[in-house]
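Here are a few short exercises to work through with the model open in your viewer. Try each one yourself before you read the solution.

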Amino acid sequence: MNINCLRIVTPYPQVKLISLKSRTHNFSSLVLSLKLSSSVVMSYDKEFTAAKKAASIAARLCQKVQKALLQSDVQSKLDRSPVTVADYGSQALVNFVLERELPSEPFSIVAEEDSKDLRKDGAQDTLQRITDLVNDTLSIDGSYGSITLSTEDVLKAIDSGKSEGGSHGRHWVLDPIDGTKGFVRGDQYAIALALLDEGKVVLGVLACPNLPLASISSDYQHSADREVGCLFFAKIGAGTYMQPHNGSSPVKVQVTAIENSEEASFFESYEKAHSMHNITSSIAKKLGVKAPPVRIDSQAKYGALSRGDGAIYLRFPHKGYREKIWDHAAGCIVVTEAGGVVSDASGNPLDFSKGKYLDLDIGIIVTNQKLMPALLKAVKESLEEKASS
Ligand SMILES: Nc1ncnc2c1ncn2[C@@H]1O[C@H](COP(=O)(O)O)[C@@H](OP(=O)(O)O)[C@H]1O
Ligand SMILES: [Mg+2]
Ligand SMILES: [Mg+2]
Ligand SMILES: [Mg+2]
């Protein structure tokens, strides 16, 4: 079979022309080309609806817990990072809703939490509290009738579909609460859910219950009278939308269009342990950024950037830290579908196909297309200076 090129007529602007370099391509290479482009052709509508529902229900549980956080609600994991009843409850709910909404699909998910610690002696009270929170949230939502989960059902829901992800097939990626430290402090956090198909992120949902509806570019501060709560969602080829939790209609969002880095403001982690603030301040200085950094927790940073609050997100973890896919998958598509660029410190796109870890060079940087070349140059120079000092 001799083919030079193949024109496919689809509603998706990305799929116009697939070039086949050789004139002697056989049928199997044609099938391969079509398979590679299938993630763009797929609509993922059912999955998108299910993901929005799952993240929104989980967000309600998290809001309730954050309002009345008890000291006993916060535990420490083996790596000494915090986990709360809301992290577990959120994961149980997301898994439960996805399985209920998509009964005909195999369920595979790379999620941050597991039930190991909850199965230990002494964890019964915590498990009972999580189970009560899950049942209360399901009952208020009302979509699943008068269902009551047992403690064993909740443990099973937390672990259900557990997978290591990878480059084949479909895998959900979940951070049931991203920014647990922010959540415990009463600050920003996100419920972050994405879907991988053949190793690529094809949809992402970020529920940010504490993110103000108004821009938080350079004057972010806590203020009780600001209206908060946003759901960001993005599907490959279809743009990014933000829906306020107050029930108003979704609006399409875009990253900032600014081209002059001196006008940019940048986001970074609130926690110094999560990103080296000395590197980020050196990069900002080289770019001539005048505004002080906006330090907030979680992937709410990606959400804020996708709607043009600020222009840059810099993340430079300390040596030896390995980034997990659930900390970036949903945020990455939310920003890229809004016209932004997400890469590692060398400019390589993030690769979500390698299992639960991201294998990347030094740090993660996010900005718009126009600012990326100057940002990459500033990053390179700052890292070289650090290495030689
Ligand atoms: N030493 C470290 N360096 C970089 N990231 C870290 C870290 N320790 C924990 N994290 C990750 O940072 C995430 C929060 O990001 P941010 O700093 O942007 O708020 C945490 O997600 P969880 O809160 O889901 O555990 C955790 O996965
Ligand atoms: Mg954690
Ligand atoms: Mg996280
Ligand atoms: Mg988490």
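Donors are N, O and S atoms within 2.8 Å of the metal (3.2 Å for Na, K and Ca), and since water is not among the atoms, sites may look incomplete. This is a predicted model, in which local features need pLDDT of at least 70, side-chain atom pairs count only at pLDDT 80 or more, and totals for chains, interfaces and linings use all residues. Residues are numbered from 1 along each chain as its sequence is written, chains are lettered from A and ligands numbered from 1 in the order in which they are written, and side-chain values use heavy atoms, with hydrogens and water left out.

**Exercise 1. Find the protein donors of the magnesium ion (ligand 3), then look for the magnesium ion (ligand 2).**

Step 1: Select D175, D178 and D327; their OD atoms lie 1.9 to 2.1 Å from ligand 3.

Step 2: Read the spacing of these donors along the chain, which is D-x2-D-x148-D.

Step 3: Place D175 in strand β6 (residues 170–178) and D327 in the loop between β14 (312–315) and α10 (329–336); the pair therefore ties together parts that are 152 residues apart in sequence. Helices (H or I, at least four residues) and strands (E, at least two) are DSSP runs, numbered from the N terminus.

Step 4: Go from ligand 3 to the magnesium ion (ligand 2); the separation is 5.2 Å.

**Exercise 2. Decide whether D175, D327 and H328 are buried or exposed.**

Step 1: Apply the cut-offs: buried means under 20% relative accessible area, exposed over 50%, partly exposed in between (1.4 Å probe, protein chains only).

Step 2: D175 has a value of 0% and is buried; D327, with 12%, also counts as buried.

Step 3: Turn to H328, in the loop between β14 and α10. H328 is buried as well, at 0%.

Step 4: List the contacts of H328 (heavy atoms within 4.5 Å). Leaving out residues up to four places away in sequence, they include Y302, Y313, R315 and F352.

**Exercise 3. Trace the open sheet that contains β6.**

Step 1: Follow the seven strands in the order β5-β6-β7-β8-β9-β10-β11, with mixed pairing; two strands pair if DSSP finds at least two bridges between them.

Step 2: Check the edges. β5 (109–111) and β11 (251–253) each have a single partner strand, so one side of each is left without a neighbour in the sheet.

Step 3: Zoom in on β7 (residues 190–197) and β8 (residues 200–212), which pair in the antiparallel sense over seven bridges. L196 has V201 in β8 as its bridge partner.

Methods:
Contact = heavy atoms within 4.5 Å.
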